[in-house]
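Colleague: Could you walk me through this model? I would like to follow the reasoning from the bench side.

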Amino acid sequence: MNLNESPEDKAFREEVATWMAEHLVGEYEVLKHRGGPGDEEAYPELRKQWEKELAAGGWTCVGWPKEYGGRELSIEHQVIYHEEYARAGGPGRVGHIGEGLIGPALIAFGNDAQKAEFLPGIVKGETYWCQGYSEPSAGSDLANIQTKCWVGDDGDWRVSGQKVWTSLAMDSDWIFVIARCEQGTKGRHGLAFLLMPLDQPGVTIKPIHQISGSAEFNEVFFDEAVAKAGHIVGEPGDGWKVAMGLLEAERGVSTLGQQMHFAHELDLIIKAAKANGQDRNPLIRDRIAKAWSGLRVLRYNALRMLSGGADVALGREALIYKYYWSNWHRDLGELAMDVLGEQGDVPAEDFDILRLQQVFFFSRADTIYAGTNEIQLNIMAERGLGLPREPRG
Amino acid sequence: MDFSLTDDQIMIRDAAQDFLADKSDSGAVRRAMATHDGFEPDVWAAIGAELGWCAVAVPEAHGGMGMGPVELMLIQEQAGYHLLCSPFFSTVCLGATLLNSLGTDESQSALLPAVAGGELKLAVSMSDKLQLKADRLGENWSLNGQGLQVCDAVNDSMLLLFARAADGVGLFAIAANTPGVTLSSQTGWDATRRFSTVELDNVVTPMRCDNPGRLQQGGPRATALARLYIAAEQLGAAQRCLDLTVAYIAERKQFGRVIGSFQAIKHRCAEMMVQIEGLRSGVYGAAAQAASDAPVEILNMECAMAKALASDVLFHCAGEAIQLHGGVGFTDEYDPGLFFKRARASKTWLGTPEQLREEIAGVLL
């Protein structure tokens with residue numbers, strides 16, 4: 001157990017930092033710290049251009065195997081990459097769903113034709129993806145998928161139904177969808193995993209206006225929309241397996257980058273407190289120290305997850321992580337607004353203040369998406385502590 | 001960067017777990033609580049002479065094993081889990097840490113080999129309320145006043161006490177049976193760890209231990225490590241509170257089902273798990289910093305974080321253990337109350353959560 005970085009790691013850190021310092025300038029300067037959760041509508045076109053800039057430097061898909069265009073970086077170097085990207089103020093990645101979710105899923109479950117068709121576009125920063133899982137009746141109970149698919153007379157798939165909470169659908173070219181291919185089945189059986197272009201007659205995207213004032217989530221409606229016969233991943237019926245495998249593909253390497261953004265938010269709070277005198281309020285000082293402490297915990301917890309070594313309670317650190325960071329972040333948002341006081345009550349022009357307001361509002365979603373607090377507690381009690389499972393209807 | 005435990009570290013932890021499960025079960029803890037000195041001599045003898053725990057963090061030059069904060073943290077976690085009653089914490093985590101961090105070469109040579117061999121018990125005060133005065137008396141020092149909150153002092157301890165001398169604060173070693181020393185031990189609500197007040201009346205000792213060149217860095221480092229080690233103990237104790245609770249609710253039936261199947265109970269246990277695993281990450285991280293090249297200012301913040309969090313988490317979990325055990329949790333016969341009392345006592349000592357967070361805030365703001 002040692003936190004000293006090897007000379008090689010330091011050199012790599014330097015390499016990433018230098019590249020960022022040299023490229024996140026000029027027209028891209030405005031993107032610094034922009035486009036994160038709650039701010040995803042910021043500069044969509046410029047951020048896509050930035051993705052191509054990254055791709056040209058070889059900084060997309062850094063963890064992918066070289067044969068698919070990645071850098072095949074070690075876990076340690078992926079972590080360093082994400083940290084330095086965020087430390088430099090690198091903008092929210094429009095390509096993260098392609099790079100982090102569907103790309104690895106295709107590498108694991110896709111056929112050669114699918115890999116050849118889709119992976120290069122992701123690596124080059126040219127094709128953007130979104131995820132079609134949740135539905136109005138399939139939230140916490142994700143397996144309760146109602147969207148239907150069937151094979152049409154022409155041999156292609158037809159899809160009808162509705163997806164919801166689809167992040168970035170408005171900026172995406174493709175969507176991957178789980179839909180029920182065996183009518184009459186329930187739960188995780190009888191599902192198919194399909195790849196579909198969004199720009200087609202049977203697809204309608206409607207933004208969801210959120211309490212945060214932004215609209216990064218969408219509803220996506222399918223009315224006999226088409227997925228090509230060759231665009232099913234795995235066999236009909238394998239949909240759930242592919243979908244779950246995809247969720248496991250991300251080992252959490254990007255999470256240390258996320259923490260750099262959190263650290264930046266805490267810095268903004270400290271700056272605001274110093275500016276308005278709240279830095280002398282003992283209760284605020286206590287909460288700022290608590291927030292700092294929580295961030296240390298998150299960092300060490302992520303390092304534990306990534307080391308995956310022999311630990312007294314193997315896996316528990318991974319089980320708690322989402323609950324820990326999302327609740328910590330929600331508290332951070334509340335702290336931010338308490339520090340801002342009246343300044344927080346009006347949508348700010350100054351992005352350093354607006355960012356804190358976004359954290360306050362958007363963090364209410366953090367404890368809902370990707371497993372609500374309540375679902376997380378069930379999972380922890382059942383898988384972590386071996387307590388009896390919840391009854392199912 | 002490496003955040004995993006080595007095979008040796010895992011071995012040390014597992015050996016501690018096995019030994020304490022056998023020698024520090026509920027019955028043993030209660031027997032120790034009932035003794036005058038607060039520990040069972042044969043358990044202490046086994047720890048020092050047979051298991052070699054006292055040698056773990058003592059440098060090899062002084063007869064130790066030359067390992068470090070990570071190993072000691074792992075032992076402390078187990079000590080907390082089993083509510084070990086022993087002068088181990090005072091001798092090794094406080095005393096040897098002080099001598100290692102700021103002691104003169106002479107004092108290290110004089111005391112550390114006996115500590116490493118398990119032959120010497122150190123009783124230490126970390127109180128910042130300094131009410132002792134030291135005056136030159138030829139080659140020796142004469143000490144007067146009151147030593148407060150001296151941990152684990154018994155008749156054959158060596159006392160390590162800070163006192164004010166003409167040239168500043170110094171650290172002095174005094175055998176507890178020296179003429180002029182009066183120990184008054186108080187058994188607190190938490191009878192698993194003892195504190196004494198020590199009256200010194202013209203007590204003469206030749207041994208001043210502090211090395212002025214090491215004091216500035218070594219003082220804060222010793223304080224930080226002391227906080228780390230008690231945080232590790234609190235972590236272990238919190239884990240035990242959860243384990244006791246989960247075992248109980250998996251058996252206890254009401255309304256025809258085990259109460260562990262009720263979501264109201266499951267969620268509270270899961271919440272304890274969240275806090276405990278987060279704390280474990282914090283404590284391991286602080287220990288890893290102590291084992292790396294972290295400057296003392298960073299180490300201070302890290303260990304203050306660990307101790308503040310540990311105090312809050314243990315107190316929460318001990319309270320939850322009582323509540324989720326229901327009526328029997330309130331009885332003296334069941335163990336949650338023992339952890340609740342340890343939780344309360346260790347929260348006050350070596351910095352309250354509020355004080356520690358103010359230290360952190362002072363750096364951040």
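Here are a few questions and answers on chain A and its contact with chain B.

Modeller: A quick note before we start: residues are numbered from 1 along each chain as its sequence is written, with chains lettered from A and ligands numbered from 1 in the order written. The model is predicted, so local features need pLDDT of at least 70 and side-chain atom pairs pLDDT 80 or more, while totals for chains, interfaces and linings use all residues.

Colleague: What radius of gyration does chain A have, set against a compact globule?

Modeller: The radius is taken over C-alpha atoms, and the globule rule is 2.2 Å times the number of residues to the power 0.38. For 393 residues that rule gives a value near 21 Å, and chain A agrees with it, at 22 Å.

Colleague: Which helix gives the largest share of the side of chain A that touches chain B?

Modeller: Contact here means C-beta atoms, placed from the backbone, within 7 Å. Chain A brings 42 residues and chain B 41. Helices (DSSP runs of H or I, at least four residues, numbered from the N terminus) supplying at least two residues each on the chain A side are α7, α8, α9 and α11. The largest share, 15 residues, comes from α8(A).

Colleague: How is α11(A) oriented relative to α8(B)?

Modeller: Their axes, lines fitted to C-alpha atoms over the stretch in contact, are compared by N-to-C direction on a scale from 0 to 180 degrees. The two helices pack at about 80°, with axes 8 Å apart. Because 65 to 115 degrees counts as roughly perpendicular, α11(A) to α8(B) is roughly perpendicular.

Notes. Two residues are in contact if their C-beta atoms, placed from the backbone, lie within 7 Å. Angles under 35 degrees count as roughly parallel, over 145 as roughly antiparallel, 65 to 115 as roughly perpendicular and the rest as oblique.
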